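Here are a few exercises to work through with the model open beside you. Try each one before reading its solution.

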2 protein chains.
Amino acid sequence: MTRVTLLAGGVGGAKMAEGFAALPDVDLTIIGNVADDEEFHGLWVSPDIDTMLYTLSGRINREQGWGLADEGRRALDMLTDLGEDTWMFLGDRDFGLHIYRTQRLKRGDRPSDVTADIARHFGITARLLLPTDDRVQTRVRTLDGWLTFQEYFVRERCAPDVLELRHDGINNARMTGEAAEAIAGADLIVIAPSNPLVSIRPILDIPGIRPALQAAQAPVIGVSPLIAGKVVKGPADKMMTTLGLRADALGVAEFYGNLLDHFVIDTADGTLAAQIAALGIAPHMADILMPDATAKARLAQDVLAVFQAAQAESAA
Amino acid sequence: MTRVTLLAGGVGGAKMAEGFAALPDVDLTIIGNVADDEEFHGLWVSPDIDTMLYTLSGRINREQGWGLADEGRRALDMLTDLGEDTWMFLGDRDFGLHIYRTQRLKRGDRPSDVTADIARHFGITARLLLPTDDRVQTRVRTLDGWLTFQEYFVRERCAPDVLELRHDGINNARMTGEAAEAIAGADLIVIAPSNPLVSIRPILDIPGIRPALQAAQAPVIGVSPLIAGKVVKGPADKMMTTLGLRADALGVAEFYGNLLDHFVIDTADGTLAAQIAALGIAPHMADILMPDATAKARLAQDVLAVFQAAQAESAA
């Protein structure tokens, strides 16, 4: 049994989690991203955590990759009728979850406990942890000023150039005990093919997380979210460019730097392998596109194989 | 234009309101009942006020007389999946409304203003007022102890005998300025055929309301909720019996006492007319069953005719 701790946000993160969850010899713990969280209509919404919950419970809308299957929009229609701004799609089943979460938080329950209880009710066997129970929220500066992450991502559909990012509250956020244990106790730590800037950095920058990763005995293996300089889904490539980073697998490797021991890149990016190796990160090639369950499990298996080969090598 | 102020709760109250709203020469103001209000899943639900809003906006589910047409139960199903107690049916559209109300209240807005805004968004032309912006909540004592009103009404389906009623918070509740004005400024005050004990009394017992009704220049006309000792809908008759009241139109007249100038009873109850008259209340007979829009408007017209005849008589 390999104890895998996966840092993951967004749709790419959820797909990677699904891949590992499908492997029989993996004991999976996920540390998710809470920095996309936002209040809508007085309810607390955790889009990245919910995508993970919906994906791992098989409730996800497979066509769109987010949200629940068989959703309705009656509650949202009512809110529209009442003059509310409803650019953020929230389905009726979604609302049920957000109502539940908000009520629990209002009672003073820890976000981590609420998440664990939802996962349990959904029959998810992997552990889904929060990196912090404190509030961390990504803000995006565009030519029109600062936006909340969801305003940028959903309302503006990632169209504006991102000039600056900040994660409000992150400097005072405290790492959860569960996250610290999952990092220290892992056999393998994986950074999912998620947006490095808005899914992974708001985990890494929580005080204590980076030092814990560096102190961990487990190797850290990253998986590139970019293939031939293009993102599979989302604004990572565009965002990296406007923020002055290289928008390709090498740029991602540079961004993570010495946090990574290994980096799994797409076979299409073989030409970048030498430069990644020059950073002191071992490059590995795989098919990192995950269009279906088979591809997800195969990529998770490929990552596991990198780990097993490295173990065998160090034992030799 | 006759300025009618209607005290009304429940389905009977909403039907009577609909009747008056259909009359061209009536300027209608409704004072609703908030004592059925309850928090569910962290959201503030006002069943009587919502029945009024849904009825007057034509959004009501006509078959069941409460709730919205074209409702869904996706949000409730999610809450059930999450282990919540979901005996209280709340539809997806309902949830939209409860989310809106809860958010507004959380911001510190007056319940009266929130109600007025919902009515406006729903295109309702009658004024829907709250008797108080303070919290008043009916509690029902049964053999198994005290229940909230909705536990008794919905969860227990009115099955237990009602041994005692109380309206928590009522002694410290303050009458709204709007309700005071609507009573003082009315040409005619009508007490709807609602449950006297749990729909009308929690309005009347708010400090200031009874004195305002007694000081009002307008005559007060009640409409019986009971026909031949039976209620059209709800537990009024059963409740009156276990609480030691006569469960018929005479019992209702005795309950309201000198608050009423006139009392409209069903033609089936003609034998009670003399005893009602002996209370100093002028009895009038009409067909008080309201199965459809025509019947609602006709009963409202009958009540208006009682008022007009009394006016003509006092002018003569």
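**Exercise 1.** Which residue is the bridge partner of L6(B) in β9(B)?

*Solution.* Start with the ground rules. This is a predicted model, where local features need pLDDT of at least 70 and side-chain atom pairs count only at pLDDT 80 or more, while totals for chains, interfaces and linings use all residues. Residues are numbered from 1 along each chain as its sequence is written, chains are lettered from A and ligands numbered from 1 in the order in which they are written, and side-chain values use heavy atoms, with hydrogens and water left out.

Now find the strands, which are DSSP runs (E, at least two residues; helices are H or I, at least four), numbered from the N terminus. Strand β1 (residues 2-7) of chain B runs parallel to strand β9 (residues 188-191) of chain B, and 4 bridges join them. Go along to L6(B), and you'll find V190(B) as its bridge partner.

**Exercise 2.** Place that pair of strands in its sheet, then find the helix that lies across it.

*Solution.* Strands count as paired if DSSP finds at least two bridges between them. In chain B, that gives an open, parallel sheet of 7 strands in the order β5-β2-β1-β9-β10-β13-β14. Its edge strands, β5 (127-129) and β14 (282-286), each pair on one side only. On average, neighbours in this sheet are turned by 25° against each other, direction ignored.

Next, the helix: α7 (residues 177-184) of chain B lies across β1, β2 (26-31), β5 and β9 of chain B, at about 135° to β2(B). Axes here are lines fitted to C-alpha atoms, for helices over the stretch in contact (heavy atoms within 4.5 Å), and angles run from 0 to 180 degrees between N-to-C directions.

**Exercise 3.** Why is one side of β7 and of β8 in chain B left without a neighbour in the sheet?

*Solution.* Take the strand order: β7-β6-β8 of chain B, 3 strands in an open antiparallel sheet. β7 (145-148) and β8 (164-168) stand at the edges with a single partner strand each, so one side of each has no neighbour in the sheet. The average turn between neighbouring strands is 30°, direction ignored.

Zoom in on one pairing: β6 (residues 137-142) of chain B meets β7(B) over 4 bridges, with R141(B) opposite W146(B). Finally, helix α8 (residues 196-204) of chain B lies across β6 and β8, at about 35° to β8(B).

**Exercise 4.** Describe what chain A brings to its interface with chain B.

*Solution.* Begin with the size. The contact takes 30 residues from chain A and 30 residues from chain B. The buried area (accessible area, 1.4 Å probe, lost on putting the two together and summed over both) is about 2700 Å², 60% of it from carbon and sulfur atoms. R74(A), M78(A) and L82(A) supply 28% of what chain A buries, more than any other three residues.

Then count salt bridges (a side-chain nitrogen of Lys or Arg within 4 Å of a carboxyl oxygen of Asp or Glu): 6 cross the interface, including E39(A) with K106(B) at 3.8 Å, N to O.

Last, sort chain A's side by element. Those giving two or more residues are α3 (74-81), α4 (92-106) and α5 (111-121), and α4(A) has the largest share with 9 residues.
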